[in-house]
Amino acid sequence: MKFADDFLIEIDNKVGKGERISKSEALRLFETNDLTGLGRVAGRANSMKNGDRVFFNINRHVNPSNLCTNHCQFCAFYRKSADEPGAYEQTVPGILEKLKGDVAAGATEVHIVGGLHPTWRFEEYVEIVREIHRHYPALHIKAFTCVEIDHFAGISGKSLTEVFEILKDAGLGSMPGGGAEVFSPRVRKKLCAKKISGERWLEVARAAHHSGLKSNATLLYGHIETVEERIDHLSKLRQLQDETGGFQAFIPLSWHKEGTELERVLNIPGATGLEDLKMIAVSRIFLDNFDHIKAYWVMLGKKLAQTALWFGADDLDGTVADERVTFMAGGKTDRFATIDEIIHLIRSAGKVPVERNTLYEPLKIC
Ligand code: V47
């Protein structure tokens with residue numbers, strides 16, 4: 001292959017031979033101006049794993065409450081108390097009612113994440129999982145970030161293993177990848193000082209994998225983090241994946257600024273489209289032990305998420321419905337994608353749409 005940036009020849013050769021790239025090579029990739037060349041290398045890394053297939057699922061997001069004790073500056077979703085405007089709490093019957101239509105429409109997954117509620121007990125979270133599982137046993141419950149799991153251990157006095165066993169018994173199927181933010185202690189100290197450390201996030205993920213649960217991983221980028229800090233984050237994920245093999249997908253999350261404390265204080269712009277594509281591509285090349293890189297259309301917008309399929313991504317997430325974290329931070333894209341729309345995005349990118357379940361078993365080639 002020909003490249004405008006000769007450095008990409010080296011990386012392309014490494015990818016072709018299945019060789020791992022170093023942190024300094026990843027840094028150099030972020031510096032390239034040969035965006036389409038970078039996309040071709042990442043595309044090669046992806047097609048060696050996934051061919052032309054692009055995955056999606058039929059899912060709904062449930063964010064049971066936005067009351068949270070963490071108060072992260074990059075987040076517009078949380079409320080400190082129930083009397084603040086926009087604060088809400090969903091009830092179990094309310095959640096079950098929402099899911100009814102989704103299940104009838106073929107949903108295979110519910111994705112549950114929320115704030116660290118100031119008064120809810122662990123049993124109340126277990127109840128949400130148990131009741132969903134009892135009413136909709138075929139629905140895969142992908143729930144709770146490592147941050148929430150750590151919180152459950154704290155409020156219940158139980159070990160991580162006990163927390164996982166109770167949740168699995170109630171019907172938990174796997175875990176989403178949120179709450180990782182950027183592992184850098186410098187960034188965490190500034191933006192989310194109350195949140196668990198990056199090390200603890202990794203420890204909880206490790207414990208989840210040892211309990212037999214698959215999980216995802218994320219990186220929140222486009223705010224005050226440096227490129228070195230992004231790569232360091234990816235490197236820690238790659239290391240843990242070498243150890244456990246428990247991560248299914250990596251999802252780079254492009255920071256949305258509206259209504260956040262961070263925007264108010266620093267007025268920084270967030271990532272550009274070009275940075276979004278580089279982030280996807282470098283992740284695909286660097287995370288050689290992750291099978292899937294998700295272009296989360298809710299944060300990227302549908303058009304850029306489709307473009308990301310030529311920059312190493314192989315998954316568009318799903319129909320999503322009712323996600324609130326992005327929209328409370330000014331997300332401008334639709335709040336829902338139809339199955340036909342997702343299939344159209346994938347097909348018109350020249351790829352093969354595959355409906356999957358949460359564990360990436362193909363359900364239907366569309
Ligand atoms: O945990 C918070 C991040 C996460 C903002 O695992 C923000 O399949 C951008 O983790 N702008 C929730 N991001 C989303 C998430 C996710 C999404 C889709 C699929 C999966 C998966 C996981 O979003 C939070 C936090 O890290 N976040 N505020 C914001 N203003």
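**Notes on the predicted model**

1. Let's start with a residue inside the fold: phenylalanine 144 is buried, at a relative accessible area of 1%. Keep in mind that this is a predicted model. Phenylalanine 144 sits in the loop that runs between strand E4 (140–143) and helix H6 (146–156). Its backbone deserves a look too, since phi of phenylalanine 144 is near 70°, a positive value in a residue other than glycine.

2. Tyrosine 360 is another non-glycine residue with positive phi, here near 65°. You'll find tyrosine 360 in the loop between strand E10 (352–356) and strand E11 (362–365). With 10% relative accessibility, tyrosine 360 counts as buried.

3. Stepping back to the whole chain: the secondary structure adds up to 15 helices and eleven strands. The radius of gyration is 20 Å, close to the 21 Å from the globule rule for 366 residues, so the protein is as compact as a globular protein of that length. Along the principal axes, the C-alpha atoms fill a box of roughly 60 × 45 × 40 Å.

4. On packing, buried residues account for 60% of the 366 residues. If you take the contacts between residues at least 6 apart in sequence, 75% of them join residues at least 24 apart.

5. Now the surface and the charges. The protein exposes about 14,600 Å², and carbon and sulfur atoms supply 52% of that area. There are 47 positive and 50 negative charges, and the mean positions of the two sets are 1 Å apart.

6. What about disulfides: how many does a search of the whole structure find? The search comes back with zero. Cysteine 72 has its closest cysteine sulfur in cysteine 192, but the distance is 4.9 Å, too far for a bond; the cut-off for a disulfide is a pair of cysteine sulfur atoms within 2.5 Å. Cysteine 146 is in no disulfide either, and the nearest cysteine sulfur, again that of cysteine 192, is 14 Å away. As for burial, cysteine 72 has a relative accessible area of 5% and is buried, and cysteine 146 counts as buried at 1% relative accessibility.

7. Arginine 356 is one to click on. This residue is in strand E10, and at 2% relative accessibility arginine 356 counts as buried. Leaving aside neighbours within four places in sequence, arginine 356 is in contact with a list of residues that includes the acidic side chains Glu109, Asp315, Asp317 and Glu361. Also among the contacts of arginine 356 are Phe55, Phe56, Asn57, Thr108 and Lys294, along with Pro362 and Leu363. The C-alpha atoms of arginine 356 and glycine 318 are separated by 9.5 Å, with the two positions 38 residues apart along the chain.

8. Is aspartate 288 buried or partly exposed? Aspartate 288 is partly exposed, with a relative accessible area of 26%. Its place is the loop between helix H12 (273–286) and strand E8 (292–293). Beyond its neighbours within four places in sequence, aspartate 288 is in contact with Arg20, Lys49 and Arg238, residues that count as positive in the charge tally. The C-alpha atoms of aspartate 288 and asparagine 46 are separated by 9.3 Å, although the two are 242 residues apart along the chain.

Key:
Residues numbered from 1 in each chain as written. Predicted model: local features only at pLDDT ≥ 70, side-chain atom pairs only at ≥ 80, totals over all residues. Heavy atoms only, no water. Helix = DSSP H or I, 4+ residues; strand = E, 2+ residues; numbered from the N terminus. Rg over C-alpha atoms; globule rule 2.2 N^0.38 Å. Buried < 20%, exposed > 50% of the residue type's maximum accessible area, 1.4 Å probe, protein only. Contact = heavy atoms within 4.5 Å. Areas by Shrake-Rupley, 256 points an atom, 1.4 Å probe, with all protein chains shown as cover. Charge placed at Lys NZ, Arg CZ, Asp CG, Glu CD.
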